[in-house]
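Work through these exercises with the model open beside you. Try each task before you read its solution.

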Amino acid sequence: MAEYSFLFVSADAALITDLAWQVHREGHDVKYYIEAEQDREVGDGFVPKTDDWEAEVEWADVIIFDDIWVGPDVGTGALAQELREKGKAVVGGTPNTDHLEEDRGYAMEVLEDHGVNTVEHHIFDNFDAGIQHVQENPAPYVIKPLGEVQNVKRLLYVGNEDDGSDVVDVLQAYKKAWGHRMKGFQLQRKVEGVEVAICGFFNGNEFIDQVNFNFEHKKLFPGNIGPSTGEMGTAMFWAGQNKLFKETFGKIEDWLANEGYVGSIDINCIINQHGIYPLEFTPRFGYPTIALQEESIESSTGQFFYDLAHGTKPDVDVHNGYQIAVRVVLPPFPFDDEQTYDENSRNAAVVFETESRDGIHLEDAKNVDGQWRVAGDNGMPIVVTGKGETMHAARNQAYDRIDDIVMPNMYYRDDIGERWVNGDGDRLQAWGYLGPA
């Protein structure tokens with residue numbers, strides 16, 4: 001196998017440790033840069049590091065960015081675009097594709113301009129105007145904050161009342177508590193159905209043939225209860241460019257090619273018997289989705305991203321079945337509480353009761369003299385995956401692996417993948433979305 005040089009860049013939090021570790025274990029040369037001081041120990045003992053990523057640009061055959069954020073005014077898309085113009089092979093976005101995630105109104109405009117159905121939505125920069133809209137147009141709505149607070153997951157609110165009264169109450173509370181920081185928000189009409197994320201890999205010109213379909217589990221507790229987190233787990237499978245793909249990404253492929261986007265791009269949708277309704281873009285890797293995608297790519301991961309970054313279609317083999325990933329976390333996740341973290345989680349040992357590390361993926365972990373330990377300050381040390389011919393088999397494998405892990409105070413959701421087993425799969429099949437386009 002050819003050996004390449006990969007430079008992994010975490011311009012904010014350390015998110016891409018596991019992919020760097022996977023490529024490193026395949027025999028490629030790897031250097032990993034982490035900007036955030038509190039996260040710089042993440043990956044220590046697993047992957048080679050660098051303190052100056054820009055000094056390694058000429059050395060690298062492939063440069064991979066993990067997120068769209070550098071700072072409030074600079075996204076990695078601008079960096080990636082500049083490097084491509086200098087002839088470098090980069091997995092990363094552009095200023096416009098960064099904007100898809102930063103500005104949900106812009107994302108909806110791009111979809112509508114290309115003939116993609118969207119949910120009724122309205123952007124507000126004034127709480128009173130939003131409240132008035134709900135009162136004059138009573139219905140369940142989803143509140144999605146914009147700007148600097150859009151990644152504060154607990155601010156996303158999904159309304160339940162038909163008259164929108166709970167949404168009005170929440171907006172009034174946000175006005176008092178967050179009015180100084182929450183400069184805008186989107187009200188999106190709530191649609192009932194199956195929530196599916198369609199994920200494609202784009203090589204700057206076109207999508208690869210294999211499409212990834214994943215089902216996010218964002219709430220903290222089983223049964224989709226509790227505060228929203230970044231993600232507690234993901235269920236997934238690969239398929240061809242079916243109807244779900246054709247009605248969404250198939251319509252904006254030319255736009256992405258014009259941008260020169262390279263990498264993973266995800267569009268989260270609500271689907272029912274009446275249609276496909278995109279909700280939001282993730283123009284970057286998803287977490288822990290990328291760990292699960294690595295697990296299910298049965299050919300070389302490094303070769304896959306080398307080919308993608310160089311504008312060719314990778315000759316990739318993927319697992320023909322179902323996969324799940326479970327995030328195993330520690331207090332105070334998903335909240336910030338330094339005292340709780342110091343008392344319960346910082347530098348905690350990750351103990352395995354078996355020699356096998358199959359299906360064990362890194363998030364905020366380090367290796368100290370052969371002992372896995374918790375790193376950083378987020379309380380997200382590992383992700384555990386499983387795969388099988390059925391979703392039930394994938395679940396069994398993942399949870400059997402978790403049973404062999406000992407971390408005091410660890411917790412996780414034990415229902416990842418159950419929604420598929422309990423009817424989501426049957427509904428999508430019955431509505432005709434999973435067959436060929």
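**Exercise 1. Charges over rings**

Task: Find which ring the charged end of Arg 25 sits over, and do likewise for Lys 31.

Solution. This is a predicted model. Start with Arg 25. Its charged end sits over the ring of Trp 21, 3.7 Å from the ring centre. Now take Lys 31. Its charged end sits over the ring of Trp 59, at 4.5 Å from the centre.

**Exercise 2. Aromatic pairs**

Task: Classify the pair formed by Phe 201 and Trp 238, and say which parts of the chain the pair ties together.

Solution. The count for the model comes to 25 aromatic pairs. In the pair of Phe 201 and Trp 238, the centres are 6.2 Å apart and the planes meet at 20°. Planes under 30 degrees apart count as stacked. The pair is therefore stacked.

Next, place the residues. Phe 201 belongs to strand E9 (residues 194-203) and Trp 238 to strand E11 (residues 225-239), so the pair ties together parts 37 residues apart in sequence. Phe 201 is buried, with 1% relative accessibility. Trp 238 is buried too, at 10%.

Task: Repeat the steps for Phe 213 and Phe 237.

Solution. The centres lie 5.5 Å apart, with 25° between the planes, and the pair is stacked. Phe 213 is in strand E10 (residues 211-221) and Phe 237 in strand E11. The two are 24 residues apart, and the pair links distant parts of the chain. Check burial last. Phe 213 has 0% relative accessibility and counts as buried. Phe 237 counts as buried at 8%.

Task: Which residues form one aromatic cluster with Phe 201?

Solution. The cluster holds Phe 201, Trp 238, Phe 285, Phe 304 and Phe 305.

**Exercise 3. A histidine and its surroundings**

Task: Is His 217 buried or exposed, and what does its side chain reach?

Solution. Locate His 217 in strand E10. Its relative accessibility is 2%, so His 217 is buried. Its side chain reaches the backbone oxygen of Phe 215 at 3.1 Å. Then look beyond the neighbours within four places in sequence. There His 217 contacts residues including Glu 231, Thr 234, Arg 413, Asp 415 and Arg 419.

**Exercise 4. Empty space**

Task: How many cavities of 30 Å³ or more does the structure hold, and what lines the largest?

Solution. There are four such cavities. The largest holds about 90 Å³ of space. Its lining has 16 residues. Nearest its centre lie Phe 65, Gly 92, Tyr 261, Pro 283 and Arg 284. Strand E12 (residues 262-272) gives the most to this lining, with three residues.

**Exercise 5. An enclosed helix**

Task: Why is helix H9 described as largely enclosed by the rest of the structure?

Solution. Count the buried residues of H9 (residues 289-296). Eight of the eight are buried, so the helix is largely enclosed. Among them are Thr 289, Gln 293 and Glu 295. Now step back to the loop between strand E13 (275-282) and H9, where Pro 288 lies. A cis peptide bond joins Tyr 287 to Pro 288, with omega about 10°.

**Exercise 6. Positive phi**

Task: Compare the exposure of Asn 347 and Asp 369.

Solution. Asn 347 is not a glycine, but has a positive phi of about 60°. Asn 347 sits in the loop between H11 and strand E15 (351-352). At 34% relative accessibility, Asn 347 is partly exposed. Asp 369 also has a positive phi, near 55°. Its loop runs between strand E17 (365-368) and strand E18 (371-374). Asp 369 counts as exposed, at 79%.

Definitions and conventions:
Residues are numbered from 1 along each chain as its sequence is written. This is a predicted model: local features need pLDDT of at least 70, side-chain atom pairs count only at pLDDT 80 or more; totals for chains, interfaces and linings use all residues. Side-chain values use heavy atoms; hydrogens and water are left out. Rings of Phe, Tyr and Trp (its six-membered ring) pair if their centres lie within 6.5 Å; planes under 30 degrees apart count as stacked, over 60 as edge-to-face and the rest as tilted. Helices (H or I, at least four residues) and strands (E, at least two) are DSSP runs, numbered from the N terminus. Buried means under 20% relative accessible area, exposed over 50%, partly exposed in between (1.4 Å probe, protein chains only). A charge sits over a ring if NZ of Lys or CZ of Arg is within 6 Å of the ring centre and within 35 degrees of the ring normal. A polar contact is a pair of N or O atoms within 3.5 Å; within protein, one must be able to donate a hydrogen and the other to accept it, and residues adjacent in sequence count only if both atoms are side-chain atoms. Contact means heavy atoms within 4.5 Å. On a 1 Å grid over the protein atoms alone, a cavity is a set of points where a 1.4 Å probe fits but cannot get out, and a pocket is an open set with protein on both sides within 12 Å along at least five of seven lines; lining residues have an atom within 4 Å of a point. Grid points are joined across faces, edges and corners, and a volume is the space filled by probe spheres set on the points.
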